[in-house]
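User: I would like to go through this structure by question and answer. Please keep the replies short and give the cut-off for each term as it comes up.

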Amino acid sequence: MHYKHEIIDYANNIPIKISIQKLNNTPLHWHSSIEIYLVLCGNINVILESETFHLLEEDILLINSNQLHEIHSNGSVVAVLQLKNTYFKQWLDETTYFQCNSSIYHDKSRYWELKKIIAQLIYNNYSNTDSNDLLYISLAYQLLHELIKNFKSFDTKLQAAGKRSKNLKRLKEIIQYLNENYTENITLSTVAEREYLSPSYLSHFFEKNMGVGFFNYLTDIRMNHAVYDLINTNLTIEQISADNGFANSRYFVSCFKKKYGMLPKQYQKEQKKNCPDKTAKAQKYNDHLLIEQHDFVNKLGEYLEPGSYGEGKNKPPSPFVNLLNVNAASVKGNLRHTFKVFTGVGRAREILMQRIQAELIILQKDIGFSYVKFHGILDDAMMLYHEDKNGNPYLTYNYEDEILDFLLSIGLKPLIEFSFMPRLLVKAPSSSIFYNPVILSESKNYAKWEYTITQLTKHIIDRYGLAEVRTWVFSFWNIPFKSYASSLECNEIAYELYRIARNCVKGCDPQLRFGSPSYGSPYFSGSEFYGFLDYCKANNCYPDFYSLHCYPVKTSTAGDLAALGESSGKNGENDRIILSDDADYMAHTLECYKKNIAGYPKLPAYITEWASTSSHRDWLNDTCYRSSYIIKNILENYDEADSFGNWCLSDTMEELPLSNEEFHGDLGLFTCNGIKKPAYYAFLFLNKLMDTLVEKGNGYIVTTNQRGDYAIIFYNYSHVSPLYAQGVLFNVTFLDRYNAFINPAPLEFDFVLSHIENGSYVLTEQIVNREYGSAFDEWVRMGGLPLRTEEEINILKGRSMPKLNKTGIEVTSNSINYYADLKPHEIRLILIHKQSWQQ
């Protein structure tokens, strides 16, 4: 019988390890750890000693220490938990065995507690709090207690099966000795002497039964500990090698390079580069919780008690009160309010829709943006480009004129983005993206491309006048670079089409402003944009401004978008878009952008698209999380870019199939039926800020008009859990969406506005939280059922307004005291107005 020993590595001081993975066949092997399998998807066969067990979905099986076993599986998904026996030696010894196998019982109820603990271990692992180690270890003890209480076996047959092999017993003792003494000068002779064997026999015995040589095994143990020190400490290479049993640093470096293909310092640098927004502590947790991204992980959420995690019924108390004393007479400077420069609508043809026009009219009345970005002015849906029977191009402008006339009538100027390609003009008409497809392909005739851009620009100038059009902005495409979903065939094609379009517009009038293609890699670190700028330098075609995107995503591909198009509504998953767990992603992205762009022309930087995600099916888009995300990022980065173009206006977008669910997680400020989401009120509150900054800090901003009036915003932001960020819904459901957060707490402010004039004031509060101003939460309270009539929709609109309070204040001591207790995700606007007859 041939079998191997499995080496299980545990993070320092963490006696438990979990992995969630697709299993394939695993040959006969053994290990000293207790191992538990919980089947999440599919089925597996486990051969344990001489018996075969067939485990179905939700079955659970425990493998005792030193038991021989093999697994037969065809890609089934299993949560695998391993316990470090030596850590629990007070309760686990050679005679301790457990009988835990749900596959042999019809009634599975006695296994529910075990499944709940496994779910808690995975969920809590991602909290990354200061006490997370303690919580993690406590759950490991809870698991062991449950095993001893309900599954400890006194079956002598079972105990004998685990001890029948003398070889296994000897190997276990050797392995335990190596793991406990790896920092010492261990030799083959010293171990052989302990086991009363000759060194040559021990060497042969070890390699035969372990499948690896004695010294290679010992080096692996030392290397695993050394790698942890390399990543998570500031020790020198010399210290790491000495602390982990290597003869000297030169030998350690040699072993390291042989195993990892690089030097330790290079490995350390790459690990930190690949995790710019993670602490070493977080990385340590990930060492013992390795999760592949599969929707079945959400099954684990079924084992958690409702409300016990995330935002439950028992809200945690505020950890402290923020004491703020703001001197109203000490101003910091003027504000440009660049968040109002851009708003966004999905595609040009959508602006022809009555519902989109109605929403834009409301938006402009309440807030008043300067520019609007939209895609697809060249798209076939706009019926712009045609060819006669001889192949000569001609243009018709009916839809373009109707759109531009409307936008100008409500005070919006367009960003004319030249996209996407008309079918008659392209080389590859089948190259497309989105549910209602647009074509992504090179022009088959560059002369016709030049004709199209030039004639459209001339028509715009003729219709609206040069003076007006000089106040507009132009650009080419929406991220045409190769690694993105909307890319053209190659970057060189994108560069050339940009150059032609820019020069055509400049040929009509050199003062027309033409920007770069949109771009936005994580932390703005991708090389493609800078390659584009190098091309511009070489070809004398620099843009007049940079068009940037800022979505906090780690992965988002064309495949993701295709998969996303297949789902919507209640059954839509988190679309496999992985979010950044950096709560300050926008601030860090702007820092990186400014650093990297320093060697290129200093031009206006317009963020023309940004949101809390790029997903059109993220359920949090409908919640108060989105409004607090907007407030946090605008206030903390106020005027740091020349625009912050929220994406986008409405859930009525044609990139994906429309959903029958009112709150299906799209990016709009309005639902498809025109219901304002909390995100809308975020911009309404921002629009109330005044032109002079008094002070801002974590969770607040104070502004004034310097005529005795003040506008203040408070916010309580909680970032999504790392588990949710990875696209795993866990116990987040269509109606219970706030489980995406780990114990969000209230936030208290004891606020004093000093050095103001005495007199009579009116203080007005507007509040948006889960109780007020959140249409989604109000809809859930109404029953969470579909809205069937216009009357029901209007009732929900009326019940989803921000809370409004007005109070008269008589100031006699040159200060106003205000106390605020903000619920999680709450935003609050305070307007202090001095009575006009006193001004």
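User: In which loop does Tyr196 lie?

Analyst: This is a predicted model: local features need pLDDT of at least 70, side-chain atom pairs count only at pLDDT 80 or more, and totals for chains, interfaces and linings use all residues. Residues are numbered from 1 along each chain as its sequence is written, and side-chain values use heavy atoms, with hydrogens and water left out. Helices (H or I, at least four residues) and strands (E, at least two) are DSSP runs, numbered from the N terminus. Tyr196 is in the loop between α5 (188-194) and α6 (199-210).

User: Is Tyr196 buried or exposed?

Analyst: Buried means under 20% relative accessible area, exposed over 50%, and partly exposed in between (1.4 Å probe, protein chains only). The relative accessibility of Tyr196 is 76%, so the residue counts as exposed.

User: What is the phi of Tyr196?

Analyst: Most residues other than glycine have a negative phi, and most peptide bonds are trans. Tyr196 is not a glycine, yet its phi is positive, at about 60°.

User: Asp639 has a positive phi too. Is Asp639 buried or exposed?

Analyst: The phi of Asp639 is near 65°, and Asp639 is a residue other than glycine. Asp639 sits in the loop between α20 (624-636) and β26. Its relative accessibility is 15%, so Asp639 counts as buried.

User: Which residue does a cis peptide bond join to Trp647?

Analyst: The bond has an omega of about 5°. The partner is in the loop between β26 and α21 (678-686). That partner is Cys648.

User: What is omega for the cis peptide bond between Ser419 and Phe420?

Analyst: Phe420 belongs to the loop between β17 (413-418) and β18 (432-433). The peptide bond from Ser419 to Phe420 is cis, with omega at about -15°.

User: Which strands stand at the edges of the open sheet with the order β22-β25-β26?

Analyst: Two strands pair if DSSP finds at least two bridges between them. The sheet has three strands with parallel pairing. Each edge strand has a single partner, so one side of it is left without a neighbour in the sheet; these strands are β22 (546-550) and β26 (643-646).

User: Which residue in β26 does Ile607 stand opposite?

Analyst: Strand β25 (residues 605-610) pairs with β26 in the parallel sense, over three bridges. Opposite Ile607, in β26, is Phe644.

User: At what angle does helix α19 run to β22?

Analyst: Axes are lines fitted to C-alpha atoms, for helices over the stretch in contact (heavy atoms within 4.5 Å), and angles run from 0 to 180 degrees between N-to-C directions. Helix α19 (residues 585-596) lies across β22, β25 and β26. Its angle to β22 is about 150°.

User: In the five-stranded open sheet, which residue of β17 is the bridge partner of Val372?

Analyst: The order of that sheet is β13-β14-β17-β20-β21, with parallel pairing. Its edge strands, each paired on one side only, are β13 (342-347) and β21 (513-514). Strand β14 (residues 371-375) and β17 are joined by three bridges in the parallel sense. In β17, Val372 is partnered by Pro414.

User: Which residue in β8 does Val46 stand opposite?

Analyst: Strand β5 (residues 44-48) runs antiparallel to β8, and four bridges join them. In β8 (residues 69-72) the side chains alternate: His69 and Ile71 point to one face and are buried, while Glu70 and His72 point to the other and are not. Strand β3 (residues 26-30) also pairs with β8, antiparallel over two bridges, and the bridge partner of Thr26 is Ile71. Val46 likewise stands opposite Ile71.

User: What is the area of the nonpolar surface patch made by Tyr87, Trp91 and Tyr141?

Analyst: Patches are made of residues with over 30% relative accessible area and no salt bridge (a side-chain nitrogen of Lys or Arg within 4 Å of a carboxyl oxygen of Asp or Glu); like charges are joined within 9 Å, nonpolar side chains (Val, Leu, Ile, Met, Phe, Trp, Tyr) within 5 Å. Tyr87 lies in the loop between β9 (76-83) and α1 (112-125) and is partly exposed at 34%. Accessible areas come from the Shrake-Rupley method with a 1.4 Å probe; for residues, only the protein chains shown count as cover. The patch area is about 290 Å².

User: What share of the residues of the chain count as buried?

Analyst: The chain has 24 helices and 34 strands. It exposes about 35100 Å², of which carbon and sulfur atoms supply 49%. Of its 839 residues, the share that counts as buried is 57%.
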